[in-house]
Amino acid sequence: MTELFAEAETWVGVGLLIFLGIVIFVAKAPKAITAALDAKTAKIQADLDEAARIREEAQSLLAQLKAERAEAEAQAKDMLAAAQDEARRYEAEAKAKLEESLARRQQLAERKIANAEAQAAAEVKAAAADLAAQAAEVVLTKRLSAVKTDPLVDRAISQLGAKLQ
């Protein structure tokens with residue numbers, strides 16, 4: 001076996017085989033490397049395209065959300081303004097009703113006071129009339145007991161007939 005490696009033709013054959021292997025490898029290697037690089041480039045380009053698409057979608061979604069937010073803020077402002085207007089209207093209505101109620105109560109109180117004053121005046125007049133009648137009775141009783149005829153009573157009786165006609 002050592003003789004086999006000692007011959008120059010063997011080394012030329014081995015060298016030829018190595019050279020052919022290198023040539024075949026070198027001939028196929030650039031194609032394989034190119035194919036691998038092309039595949040990597042295509043994958044990178046696809047990733048970039050996907051990233052660009054996702055970015056466009058995100059920007060579109062962001063714009064849509066901004067529009068919705070602006071619309072929601074406008075609606076909130078409108079609702080707040082409407083609520084404030086309604087609160088002012090309720091306040092005005094409540095104030096008007098309160099004033100009306102107070103005016104009615106004041107009128108009712110004034111009527112009650114007037115009725116009480118009238119009733120008190122009537123009671124005072126009735127008491128004064130009763131007192132006057134009692135005093136007149138006492139005076140007349142004293143006069144009539146002392147004198148059988150009283151010229152004042154006779155004159156009042158005669159005038160009474162004239163006044164009644």
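Here is a short chat about a predicted model of one chain.

Biologist: Let's start with the basics: how many helices and strands are there in the chain?

Modeller: Read from the N terminus on, the elements go α-α-α. No strand turns up in that order, and the tally for the chain is zero strands and three helices.

Biologist: And where is confidence lowest, and where is it highest?

Modeller: Across the chain the average pLDDT is 84, with 86% of the residues scoring at least 70. Helix by helix, the low end is H1 (residues 2-6), at a mean of 61. The high end is H2, at 88.

Biologist: What share of the 165 residues in the chain is buried?

Modeller: To count as buried, a residue needs under 20% relative accessible area. The chain as a whole shows about 14700 Å² of accessible surface, and carbon and sulfur atoms own 65% of that. By that cut-off, the buried share of the 165 residues is 2%.

Biologist: Which residues form a nonpolar patch on the surface, and how much accessible area do they have together?

Modeller: One member is Trp 11, which sits in helix H2 (residues 8-146). Its partners in the patch are Val 14, Ile 18, Ile 22, Phe 25 and Val 26. Together with Trp 11, they add up to an accessible area of about 610 Å².

Biologist: On to charges. How many salt bridges does a search of the whole structure find?

Modeller: Side chains of opposite charge can pair when their charged atoms come close. The cut-off here is a side-chain nitrogen of Lys or Arg within 4 Å of a carboxyl oxygen of Asp or Glu. With that rule, the search of the whole structure gives six.

Biologist: Why can Arg 53 reach Glu 57, and how far apart are the closest N and O atoms?

Modeller: Both belong to helix H2, and they are four residues apart, so about one helical turn separates them. Arg 53 is partly exposed at 37% relative accessibility, and Glu 57 is partly exposed too, at 45%. Their salt bridge has its closest N and O atoms at 2.4 Å.

Biologist: Which residue meets Arg 88 in a salt bridge?

Modeller: Look about one helical turn away in helix H2, three residues from Arg 88. The partner there is partly exposed, with a relative accessible area of 45%. N to O, the pair is 2.9 Å apart, and the partner is Asp 85.

Biologist: What is the distance between the closest N and O atoms of Glu 93 and Arg 89?

Modeller: These two are four residues apart in helix H2, so again about one helical turn lies between them. Glu 93 is partly exposed at 34% relative accessible area, while Arg 89 is partly exposed at 42%. They form a salt bridge, with the closest N and O atoms at 3.1 Å.

Biologist: Last one: which residues do salt bridges that share partners join into one network?

Modeller: Start from the bridge between Arg 53 and Glu 57. Shared partners bring in Glu 50 as well, and the network is Glu 50, Arg 53 and Glu 57.

Notes:
Residues are numbered from 1 along each chain as its sequence is written. This is a predicted model: local features need pLDDT of at least 70, side-chain atom pairs count only at pLDDT 80 or more; totals for chains, interfaces and linings use all residues. Side-chain values use heavy atoms; hydrogens and water are left out. Patches are made of residues with over 30% relative accessible area and no salt bridge: like charges are joined within 9 Å, nonpolar side chains (Val, Leu, Ile, Met, Phe, Trp, Tyr) within 5 Å. Accessible areas come from the Shrake-Rupley method with a 1.4 Å probe; for residues, only the protein chains shown count as cover. Buried means under 20% relative accessible area, exposed over 50%, partly exposed in between (1.4 Å probe, protein chains only). pLDDT is the predictor's confidence in each residue, from 0 to 100.
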